[in-house]
Amino acid sequence: MPAMRVRQAIATALADEMRTDPTVIVFGEDIAAAEGPFKTTEGLLEEFGPIRVRDTPISEMAFTGAAVGAATMGMKPVIEIMFIEFLGVALDQLVTEGAKMRYLSNGKLSVPMVVRASVGGGLGFGGQHSQTLENWVAATPGLKVLSPSDAQSAYSLLRAAIQDPDPVMFLEPRVTYAERGEVDTNLKMEIGKARVVKPGKDLTIVALGQMTNIARQAAATSSTNIEVIDLCTIVPWDKKTVFESVKKTGRLVVVEEQPESGGWGSEIVAAVSAEFFGELKAAPIRITCPNVPVPYNGGLEARFLPNPTEVNYQIDQLMATGKAPQPWWIREGF
Amino acid sequence: MSKGLERRKAILSDPIAQFERAVEIREFENQVNALFASGTIRGTTHLCLGQEALAIGLASVLRTDDPVSATYRSHGIALALGLTTESAMAEIMGKSTGCCGGLGGSMHLCDLELGLLPTSAIIGGGMPIAAGAALAFQIQGNDRVAVAVFGDGATNIGAFHETLNLAAIWKLPVVFICDNNVYAEYSRINLTTPIEDLHIRAESYAMPHYALDGMDIDVVREGIQSAVDRARSGGGPTLIEAKTYRFAGHSRADQALYRPEGELESWKSRDPLLLLEERAKRIGKMRESDVADLKARIAKEIEATVTLCQGAPEPSAKTMFENIWSRKVSQ
């Protein structure tokens, strides 16, 4: 199996889908001639030409809507929102138009489109280029929301997203673009299916995107036997895999890269609490970012993001007391 | 041939059928207004009274495989394109026999067979989608044309400018039709917009543009045909500004008390129905008694439609969970 960087896995998945399906088209800002600011569309213009691989003006609303329209007329557009924050100006087209097309056409229209966007912190991009905004899109019926954590899942999930007949939001953790991993191009991953990336017996961590890697690092050094689940899909999330794991371990920790309020992890904790009420060995908890914008300063950004040290502190406390520990910003009186 | 397609074919060239359709739209809207006023229908509605000639002119020029992305004020466009009065009225009443199964309502009409994309209730929302449909046609190499119809208010929203620029730079086969009915919701267009002729905004996108008299169906047809021909033959997009007038308020809650005195009356002297009637008499040789008979017949038909739709079944709760995704996923 070849080792690829995540950005290469994405470009390879795009190219493989474009070779397989002539209706797949790719457009976005600087994705053609410049091959994308993160080089996630490398080689596409050269191989597939300017009809199928297009640079757009800096007009997210227009080109997101154009993807919706093209999808209703038989194409499979994959568009790139360079930073997820730029989705703000295009949200109408995704949430209010694209996600409603099937419903408001009484089932006659499909919108097989993928919106790729880079997400997350850790690179020093500051308050307007470091968010995940996962919860924005997760709250819209009609959208599917995926986030890969490594090269394999980037490749396999992106192919699944492009093949899917519904609009898919594909959130790519920026910090992982340069990371290498082995990719089996024959490995299929399904939307709505989580991966157990590290088996364990005593505690379940559910994580997404780059938090999966944080959870793995924490698990590798923890004295607790931790099972790590890479959720992969936020909507529709894989209840079966999560429930099976929690049934076994009796303990749940969700690690999320977004502010505490309104996160998708609350859905997981609520569902697990309802399903296993009275059977859990400890309070199900979430480890999140604080309710503040992403700070630029390197030291502060590192504290802002969930990290292995904090994850292990929380887990140690939880194992010892069974009660939900306070997050660091409460412990430190902020 | 479905009833919708037959209805579409009927209005392609026959001046009497075009007049008849205009009478139908007028009567339909008046009935909708009355049903809302009496509380028979819930929610809100946006009437197209005074804008019938544009709807019928547009429908008579387009092919049924040319998709139209229109707005929440599109009962007239939907009926002109061929949607049956039963399908439209049932939808507005929220009945299962409506074109969206009763889950859309007045602002969300749709019939793909006739080229009617789901109408958007977001100002400017349909414009990028029409451009995207046109992008698909360009890539597929066919000669279909996409159309976006939107109001004067949409010319101040970002989607308008972004879409015009994108369509121009990609030379997309799309026709943009601004139905300038003078009022953007409750505000006269001059209060919110520093220019009178909205079509000139296309100048900055190097796009052909012109205004036309939206009350006169022959002018409408000629103007739209020319833009459609350009788009179909690879000449790219056009912005047309149809000068019309909204005879009713913005929505059912609006009495439109803000109009300058005499403005409505002045526009009503060029009511598209009067012009279409005169034309039907001139070209179609209709007689005065024919006109009276036609109006009486349509009034009866719409009344029968209302009765029929009132008796139509409500949608089941199950339908609420359908058509979210391609395949139902239990969540």
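**An open sheet in chain A and the contact between chains A and B**

Let me begin with strand 9 of chain A, which pairs with strand 11 (residues 226-230) of chain A in the antiparallel sense over three bridges; pairing here requires that DSSP finds at least two bridges between two strands, and strands (E, at least two residues) and helices (H or I, at least four) are DSSP runs numbered from the N terminus. Within strand 11 of chain A, Val228(A) is the residue that stands opposite Lys198(A).

A word on the source: this is a predicted model, in which local features need pLDDT of at least 70, side-chain atom pairs count only at pLDDT 80 or more, and totals for chains, interfaces and linings use all residues. Residues are numbered from 1 along each chain as its sequence is written, while chains are lettered from A and ligands numbered from 1 in the order in which they are written.

Returning to the sheet, five strands of chain A form an open arrangement in the order 9-11-10-13-14, with mixed pairing. Strand 9 (195-198) and strand 14 (285-289) of chain A each have a single partner strand, so one side of each is left without a neighbour in the sheet. From one strand to the next, the twist averages 25°, with axes fitted to C-alpha atoms, for helices over the stretch in contact, and angles running from 0 to 180 degrees between N-to-C directions.

Turning to the two chains, 38 residues of chain B are in contact with 38 residues of chain A, contact meaning that C-beta atoms, placed from the backbone, lie within 7 Å. On the side of chain B that touches chain A, helix 6 of chain B gives the largest share, eleven residues.
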